[in-house]
There are 2 protein chains.
Amino acid sequence: MARKTRVLVPPAGALLIMLLAPRGGADEGMYTFHAPPLKELKAKYGFAPDAAWLEHVMRAAVRFNNGGSGSFVSGNGLVMTNHHVGLDCIQKISTGAKDYVKEGYVAAGPADEVRCPDLELNVLESFEDVTAAVAKAAAGAADDAQAGKLRKAETAAIEKQCGEATGLRCNVVTLYGGGQYMLYRYRRHTDVRLVFAPEQQIAFYGGDPDNFTFPRFDYDISLFRVYEKDAPYRPAHFFSWSDKGAADGELVFVAGHPGTTGRQLTVAQLEFQRDVRTPNRLRSFAAVIAALKAYGAKGDENARQAKEQVFSYENAQKAYRGIADGFAAGGLMEKKKKEEEDFVQRAQKLPAVWAEVKDSWARIAKAQEALAQFHVAQYVAESTVGRTELLRRAVAIVQLVAEKKKPNGERLEEYRDSALESLALDLYSDAPVYKGLEKTLLVACLEDGIAVLGKDDPFVAAALAGKTPEALAEEAVEGTKLLEPEERRKLVKEGEKLDAKKWAKKIAKSKDPMVRLALRVDPVLRALRKRWEDTVKSVEETEGMKLAKARFAVYGADIPPDATFTLRLAFGVVKGYEAEGTVVPPVTNFYGLYGRSAAFGGKPPFDLPPRWVAKKGALDLSVPLNFASTADIVGGNSGSPVLNAKGEVVGLIFDGNIESLVLRYLYTEEKARAVAVHSAGIKEALLEVYEAPAIAAELGAPAAK
Amino acid sequence: MARKTRVLVPPAGALLIMLLAPRGGADEGMYTFHAPPLKELKAKYGFAPDAAWLEHVMRAAVRFNNGGSGSFVSGNGLVMTNHHVGLDCIQKISTGAKDYVKEGYVAAGPADEVRCPDLELNVLESFEDVTAAVAKAAAGAADDAQAGKLRKAETAAIEKQCGEATGLRCNVVTLYGGGQYMLYRYRRHTDVRLVFAPEQQIAFYGGDPDNFTFPRFDYDISLFRVYEKDAPYRPAHFFSWSDKGAADGELVFVAGHPGTTGRQLTVAQLEFQRDVRTPNRLRSFAAVIAALKAYGAKGDENARQAKEQVFSYENAQKAYRGIADGFAAGGLMEKKKKEEEDFVQRAQKLPAVWAEVKDSWARIAKAQEALAQFHVAQYVAESTVGRTELLRRAVAIVQLVAEKKKPNGERLEEYRDSALESLALDLYSDAPVYKGLEKTLLVACLEDGIAVLGKDDPFVAAALAGKTPEALAEEAVEGTKLLEPEERRKLVKEGEKLDAKKWAKKIAKSKDPMVRLALRVDPVLRALRKRWEDTVKSVEETEGMKLAKARFAVYGADIPPDATFTLRLAFGVVKGYEAEGTVVPPVTNFYGLYGRSAAFGGKPPFDLPPRWVAKKGALDLSVPLNFASTADIVGGNSGSPVLNAKGEVVGLIFDGNIESLVLRYLYTEEKARAVAVHSAGIKEALLEVYEAPAIAAELGAPAAK
C-alpha cells in the first residue's frame, strides 16, 4: 500500500482496455518486444527491424523506477533521461547551499559524480510467457475472489523461483487486463551517480503554462552513470548518437516505459474514469498544490524544498485537465461506444466466443458501480500515506514485518520477496526529509479527506484520533524517530526477530507517534485494499482474460496490450500539425527559445538561466532544440530515447502536446504529438553553454580503453 | 453597380445590427468621432481624449479607397499603410522586368517616388448630422420603395450642394441601419506616390497558413507620399512616432475605417448571413481561386500577374471560413437570440416604443426571405462584372452615360455627381490590364454561374448569348478597344454629347464585343438592383430607423453604430491570451521570425527574402516585430495606425487572429486580438535591412524647411 503516488509526464493511472476498430495505417501502438510491429512497419515504411536490432534496443533501454525511462548512451555506463525524471535524485542531493536543481551540475570528472541515495534502474534482459501456468493455477476456483488469490500465489511463486535462479529482478506482468501473463527478468542497478544536469529553469522552460504544449523550448535532459563495485559499469548494449538527428518525415522509434493507457477499457470503465476517477484526482491535486505553494511562499529554503513537488503535481493536474477536457469536448465516448457495439456484434456471430463473454461487460460494469462506492475513500487513504515520506515509511515498516511472516504467495504484492530489495532502497534511504514539508502534506491530505469524506470516514477518523490535522501532524512529525534511516532499519530488524504475536504486542506499545499513526490506519488501508481486490480487481482480471481472448478471435492478435510501465516499442514520423489556424513546424530551435523569452520580457517562467544569457552568442541559433513526432507515447515514456532506423539516438522524449493527452484512451495522429529534445540541440548546448566537451564526446561512444 | 468586390483583411460585407446586452468593461466599440467613448475611457482607463486630440487624430487618419486605412506620418505628406493595402498600386506599377511586389521598392529620393495610376485617399475634415432632413424628405411616403427613393433623392441633393459649396468629397453616411444620417466631408488626394515597399514575402510572411493568426511575423507596411501640384503635400495634421512602442497592458487607440460589422443585425438577418450569404461567398471564392492558380501555374509572368488576386481571394476565403466556423461552433446564434429576446421584452414595457417596432422584426425577416430568392443570382451577376477590369469598365461606361442624363437624385448611387471624380479615377486608369487574366476571371465567374444557377439564369443567359464561357471571353477580351484608357474616355465623351435616345441608338450599334456584352447584362443588373432596393434595402432602412430609435430608448445612446467603412476610433490594451494550452505573448520579435523560417527549413511560405537573410546579423533580434491588442477592429482597418495616449504611432494594424473573425457579429476579448506591426520593428528593419535612414528619420518628423 505504501505506493508513491507522484507522477511523471503525463501521469500514471490504474485501469485498462483496447481499440476495437481495425486500425488503419496510423502510427498507433506501444508494442511489446515479444510481439513487435514487424508487419505494420514493413507495410507502411518498408523497414522491419531484425532480431538483433530488437535485442540491442531492448537491452540498451533503461527503466527509472521512480516513474520514467532512460537509455545507455555510452560504453562507460552513461545513462540519459529527462531532467524531470532525474529530478527526484537531483533534489535529494541538493541543499540550500548547493542547489543543483536551480544551478545545474556538471561533473568535472568521475570523482565529481554524485551518488543518488535511492534511485533504482532496471534493464529488461529476457521474458517468458507464463499465461498457461497462471491460468492453470486459478482453474476451478469457486469465485472471482478465490481465483484472484490463486493467481496471486502462483505469480508470487514464479517470481521467487526466477529470482533465486537468476539473481535478477523478476516480475510477472499482467497484459491485456488478464489476457496474458509475462515473466520479465530485469538487471537492477542501484549505484547511480549524477553526471550532468542543466538548471531546472531551462529543463522546464516555460513552466506550467508551456507544459504539454508544442512548439516547446526545453532542454529537459540529465545524465547519470551506472557504477558496479565503484567502477563505471560497461553495458553490453548502448545507443550510438546521431549528430544531425531525424529529418522532417523520417521514421523514428521510441523505446520506453509507458505507464498506463486505457484504450481497452469497456465503456463502463471509461465512464468511471470520466465521472469518478478524473474529477477526484483534480480535486486532490488542487488541494495539495495550494498547500505546497503556501508552504513555499514562506521563504527561499521552503520554496526550494517544495519546488519539485509543485512541479510534479502541477504536471499531473494539467494532464488530468487535458483528459477531462478531452471527455468534455465530446466525440471520445461516442467513438468508444461504437467500438464496443462493433465488438459485441462481431462476438455474437461466433457462438463459442459469445458464450464466454456475454456477461463480461455487465459484470465489469457492476464492478465499476461497486468501485464508485469507495474509490474516493481509498484514494484519500492511499495518497495521504503515499505522499508523505515519514508516514509512508512507518506504514511500510508495520506492514513489511507483518507480511513477511506470511507465505510469499499470500502477501500484499509490494512485500513479496521479489519486491523487497527495491522496497529497502526507499525504506532506508538517507535522502533528506523536511519536517515542514511533511507536516504541510499531512495536513493538506487530511483536510481534503475531511472536506470530501467527513470526519467519520474510517481512515480520517483513525488517522486523526480526535485531534485536528494540524495537531496530529505536529505531534507525529516532531515526535518521531523515523527521520533517521537507522531507526527504521532497527525497527524492522526487531520485528523480524519476533513471532507475529510478540511483534504485535511490542509494536502496539510503541511511543513513536508516527508509528502509532501507522498502526491506526493500517487496518483501514488493508480493508479498502481487500474490498478492491475482491470486488473489482479480480472481476476485471477474470473478465478481462475472457474479453482479451474474444478480441483475438474477432480482430486478430496484432493489437498491443495497454501500457503497464513495462518496455514498449513505438514508432512514428517527425511531423508538424495544424493548430490555431496555421501550421506548427515539426521542430523548434534556439532562435525560438530566445524569441519566446524576449517576447515575455524575460519574466518567469520565461526567464533564462544566467549561463544561457551569457553564452547566447556562442550558440548556432538555428540548431533544432525540440521536435514533434507521431510516435504513440504516454506518461512513463519520459526519458525514452528516440531512435532512427539505424538505432542511433536522434532525440529524447520529454512530453506530449495538449492534443496528446487523450491518447490515454484513444490514439489519433491528426494533432497529437510526442515531444522530444533534439540530439543536435543536446550536443550544441553541452558544448557551447555548458562547455562540457568530454561529456558531449562521450554520447554514443564505446567504453574507454 | 460597377463596384469592385475585392476585399481586404478581413472582407467587407453588406448588412447590419447591435449588441443588445449592456456592455461590461470590455474594450468593445468602433466609435464615431462625433460620439467618442469618453465616458468608457475615463471609467476604465482614467484617460479621456480632449477635443483637440480627437480633431488631430481624425485629420491625420487617411482612408485608402481601395478598401483600407492609413495615416499621415510626416509633415511632408508621408502616408503609412499596410503593404497589402498598398499592394493594388504596387502591382499596377510593376512589370515582369521590375517586379516591386517581389523585390520591394525603396525610393532613393523624391525623384524616385512612383505615382500610383488610380489610387484615391480621403481625409475626413468635418461632419454634420442630416438625419432630420432625410427623415423629413421621406415623411408621408406611400410605401417602403417610395420612402427609399425619397431618401435617396434627398441624400444626393445634400451631397451635391455640399460638394459645390466646399469642393470636398461629400458623402451622406447611413448609420444604425437607418437610425442616423451623417454628412461626411473628405479631402481627396489622387496624386499618391510609392516611397517604400518591402518584398511581399516578408510583408505577408507565412502566407495563407499564417494569415489571421498570432503569433505572427509580418513586415506588412508600405509608405506613400501625397503630392499636390507636383510637390509634397504638407498636411495640417500628422502623427508623431514612438520608437519604443507600447508596453504590455498599455492603453492604445486605433483610428481607421472598419468595413462592415453585423452586431446590430436581427436574428433573421443573421440567419441569412449564416445560411445564404456566407456559403455563397465561400463557393464563389473557391471557384475563382482555383482558376487564378491554374492561370498562375502556366509560367512566371502569369504567376506574377495572378499573385495579388490569389492573395486577396485566399484572404477573403480564410476570413469567411473563420466566420462559418464561428457559426458552426455554436453559442453565437444562441447569444444573439437571447439579446433579441431581451430587446423585445424591454421594448414591450414601453408602449410608445413598442407601437413603433412591434412589426419590425417580422418585416425584416420577410425581407430576408425575399432576398434569399435572388441573393446568389445578384452576387454572381455583380461579382462577374466587378472582378474583371474590362467588363467592369464597359458596364460603367454604358451606365454612366445613361445615368448622367437623369436628375442627380434619381441615379444609381455610384453615378451621383458626388461620386464621379472617384469613378473617373478607375474608369480612365492606365494601370496595366492583362488579357489572359481577364479571360480567366470571366470564364471562372460564368462557369460558376452556370454551375450554381444554370444556363437559363437571366444574367448568365444574357452574358453568354448562346456561346460557351471560353468563346465569349475570347471574343470579348481580344476584340475590345477598351484596353486603352483613351478609348474609354472617347466613348463617354461621345455619349455625353448626345441625348438619351440618340445615344441608345448609337451604342446599340457598337461593334466592340465587350461593350455589346455590357449592353446585354446592363438591364439584368438594373433589375436585380431594383428588386433589392425595393424589397430589401428600403425595408431594412425603414425598420432599421425604428429599431435604432427603440434601442436608444431601451439601452441608452452610447452604443456605436455598425461599421460602414467610415472613420472610427477603437481602443484596447496590448495583451497576450491563452491558446493551445499555454500563453501567447503580446509581442513577437525578429528572433521568432528567423526561428520560424529555420523550423520549416526555409521552405515557402516560410522563406525569407535574400536581403533579410543577408542583413540578419545587423538586426537586434529581440526588437518587437508584431503585437496583439484587444482593440475592436474588422476588415477595412488594415493600415490603421495604433496610437498611444499621447497620440504617437506605436504600431500599424494589419490583421486579426483567427479568434477575431467572429468580431464581425459579436465582440469578445477573451482570445480575439487585433494584430499590428510594432513601431520599433518598423524602424529597426528600415534602418538595418533596407538601409533607408532618411525614410526612417522622416517617420513622425515635421515638414522639411
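Two residues count as in contact here if their C-beta atoms, placed from the backbone, lie within 7 Å. By that yardstick, chain B and chain A meet through 25 residues from chain B and 25 residues from chain A. This is a predicted model, where local features need pLDDT of at least 70 and side-chain atom pairs count only at pLDDT 80 or more, while totals for chains, interfaces and linings use all residues. Residues are numbered from 1 along each chain as its sequence is written, and chains are lettered from A and ligands numbered from 1 in the order in which they are written.

**Where chain B touches chain A**

- Helices (H or I, at least four residues) and strands (E, at least two) are DSSP runs, numbered from the N terminus.
- On the chain B side, α8 (207-210), β15 (582-584), β16 (587-589) and α22 (590-599) each chip in at least two residues.
- The largest share, seven residues, comes from α22(B).
- This side has 12 nonpolar, 10 polar and three charged residues (Ala, Val, Leu, Ile, Met, Phe, Trp, Tyr, Cys and Pro count as nonpolar, Asp, Glu, Lys and Arg as charged, and the others, Gly among them, as polar).

**The chain B sheet**

- Seven strands of chain B form an open sheet in the order β13-β12-β18-β19-β20-β17-β16, with antiparallel pairing (two strands pair if DSSP finds at least two bridges between them).
- The edges are β13 (568-573) and β16 of chain B, each pairing on one side only.
- On average, neighbouring strands are turned by 30 degrees against each other, direction ignored.
- Strands β12 (251-256) and β18 (641-643) of chain B run antiparallel and are joined by two bridges; Phe253(B) has Leu643(B) as its bridge partner in β18(B).
- Back to α22(B): this helix lies across β16 and β17 (624-629) of chain B, at about 65 degrees to β16(B) (axes are lines fitted to C-alpha atoms, for helices over the stretch in contact, and angles run from 0 to 180 degrees between N-to-C directions).

**Domains of chain A**

- Chain A splits into domain 1 (38-120 + 190-262 + 561-698) and domain 2 (267-554), with bounds from an automatic or database domain assignment.
- The C-alpha centres of these two domains lie 29 Å apart.
- Their contact takes 23 residues from domain 1 of chain A and 23 residues from domain 2 of chain A.
- On the domain 1 side, helix α3 (83-92) of chain A gives the most, with three residues.
- That domain 1 side divides into 10 nonpolar, seven polar and six charged residues.
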